[in-house]
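Trainee: I have a model open on my screen and would like a close look at one part of it. Could you walk me through that part and then show me how the rest fits around it?

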Amino acid sequence: MRIFWQSFVDASVNAPYMARLSEYLNDIAAPGTTVHVQGISPPDREFGRLAELRCAVQAIDNGIAAEEGGFDAFVMGHFQDPGLYELRSALDIPVIGAGEATLLAASQLGRRLGLVTLDPVFEVLHYEQAERYGLGDRVVHVTGLGCRPDDFADAFAGNAAAQARMVKDFVACALPLVERGADVVIPAGVLPGLLIGREHGLKVGYAPVVNCAAVALKSAEMWVQLRKLNGTEPSRGPSFRRASAQARDDFRALLARNSR
């Protein structure tokens with residue numbers, strides 16, 4: 001099984017993170033599964049809706065190319081899942097959103113969810129995201145760490161003190177969510193998700209902390225297996241009607257013109 005993982009981080013600017021992410025995903029993958037991690041340049045660096053849209057367009061283009069290249073699944077490895085539905089309509093292979101998969105999994109662990117995101121600018125996007133997935137009334141609160149990707153560099157490079165400091169900051173940020181009634185804490189980003197991946201059984205009070213990186217990968221493996229087992233695929237009715245070859249060609253032609 002070959003899985004394409006789309007990060008919104010630049011592979012050269014954030015090399016320690018990308019190396020750690022690739023190592024981690026391939027370590028926890030099932031036997032016979034390989035995970036290709038690809039970044040975006042320029043990355044999602046000016047946090048906001050326009051940057052999300054730009055990166056989503058690039059991710060969709062990469063997803064079409066991934067299917068043509070023989071990958072078995074595509075993971076939108078950016079918690080906000082921009083372009084997820086559009087890409088799901090464009091591909092036959094399973095398309096997994098890290099945010100969608102994690103929110104749905106977390107909803108099986110507790111009734112009320114608390115999200116810790118990278119930056120406060122993403123808070124409203126996560127509320128909208130939860131509503132889109134039918135979980136709006138399950139989210140107690142969303143709070144921002146106020147971090148940028150390079151803030152994690154030392155921890156991902158193996159600095160134990162930096163790892164401990166970042167985890168302490170995460171727990172301190174998450175504690176008010178639990179005090180407000182959250183049963184489950186979700187790192188709403190693969191960066192903090194990967195950070196807590198080293199903390200086995202991490203809880204904030206009684207609330208388990210869900211590792212979105214692991215959930216997204218295991219969800220991808222599951223849907224590839226289910227597709228092979230019994231042909232399960234997304235609805236091709238109104239929700240994810242299959243995009244025509246002409247629609248895909250027009251989309252990729254637009255990007256090709258702009259890249260010249």
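Where is the place of Ile-186?

Mentor: Happy to help, and please keep in mind that this is a predicted model. Ile-186 sits in strand β7, which covers residues 184-188. With a relative accessible area of 0%, Ile-186 is buried, because buried here means under 20%.

Let's look at its surroundings. Setting aside the neighbours within four places in sequence, Ile-186 is in contact with Phe-79, Thr-102, Leu-103, Ala-106, Leu-113, Gly-114, Leu-115 and Val-116. There is also a backbone distance to notice: the C-alpha atoms of Ile-186 and Val-210 are separated by 5.3 Å, although the two residues are 24 apart along the chain.

Now zoom out to the sheet that holds this strand. Three strands make up an open sheet in the order β6-β5-β7, and their pairing is parallel. The edges are taken by β6 and β7, each of which has a single partner strand, so one side of each is left without a neighbour in the sheet. From one strand to the next, the twist averages 20°. Strand β5 spans residues 113-117 and pairs with β7 in the parallel sense over five bridges. To find one of these pairings on your screen, go to Gly-114, whose bridge partner in β7 is Val-185. As a reminder, strands of a sheet pair through backbone hydrogen bonds, in either a parallel or an antiparallel way.

Two helices pack on this sheet. Helix α4, residues 98-106, touches β5 and β7, and its direction makes about 175° with that of β7. Helix α5, residues 123-132, touches β5, β6 and β7, and its direction makes about 150° with that of β6. Some of the contacts of Ile-186 can now be placed: Thr-102, Leu-103 and Ala-106 lie within the residue range of α4, while Leu-113, Gly-114, Leu-115 and Val-116 lie within that of β5.

From β6 you can move on to another residue. Phe-152 is found in the loop between β6 (139-144) and α6 (153-156). Phe-152 is buried too, with a relative accessible area of 1%. Its C-alpha atom is separated by 26 Å from that of Asp-183, which is 31 residues away along the chain.

There is another open sheet to visit. Four strands form it in the order β2-β1-β3-β4, with parallel pairing. Here β2 (34-38) and β4 (95-97) stand at the edges with a single partner strand each, so one side of each has no neighbour in the sheet. The twist averages 20° from one strand to the next. Five bridges join β1, residues 2-6, to β2, and the two run parallel. Along that pairing, Trp-5 stands opposite Val-37 in β2, and Gln-6 has Gln-38 in β2 as its bridge partner.

Helices pack on this sheet as well. Helix α2 (residues 49-68) touches β1, β2 and β3 (73-76), and its direction makes about 165° with that of β3. Helix α9 (residues 212-230) touches β1, β2, β3 and β4, and its direction makes about 140° with that of β1.

Strand β2 is a good place to look at side chains. In a regular strand, side chains alternate between the two faces of the sheet. Along β2, Val-35 and Val-37 point to one face and are buried, whereas Thr-34, His-36 and Gln-38 point to the other and are not.

A word on the cysteines, since they often come up at the bench. Cys-173 counts as buried at 16% relative accessibility, and Cys-212 is buried at 0%. The count of disulfides comes to zero.

Finally, step back to the whole chain. Its secondary structure comes to ten helices and nine strands. The radius of gyration is 18 Å, close to the 18 Å that the globule rule gives for 260 residues, so the chain is as compact as a globular protein of that length. The C-alpha atoms fill a box of roughly 50 × 40 × 35 Å along the principal axes. Of the 260 residues, 52% count as buried. Among contacts between residues at least 6 apart in sequence, 71% join residues at least 24 apart. The accessible surface comes to about 11600 Å², and 53% of it belongs to carbon and sulfur atoms.

How values were computed: Residues numbered from 1 in each chain as written. Predicted model: local features only at pLDDT ≥ 70, side-chain atom pairs only at ≥ 80, totals over all residues. Heavy atoms only, no water. Pairing = 2+ DSSP bridges. Axes fitted to C-alpha atoms, helices over the stretch in contact; angles between N-to-C directions. Contact = heavy atoms within 4.5 Å. Disulfide = S-S within 2.5 Å. Buried < 20%, exposed > 50% of the residue type's maximum accessible area, 1.4 Å probe, protein only. Rg over C-alpha atoms; globule rule 2.2 N^0.38 Å. Areas by Shrake-Rupley, 256 points an atom, 1.4 Å probe, with all protein chains shown as cover.
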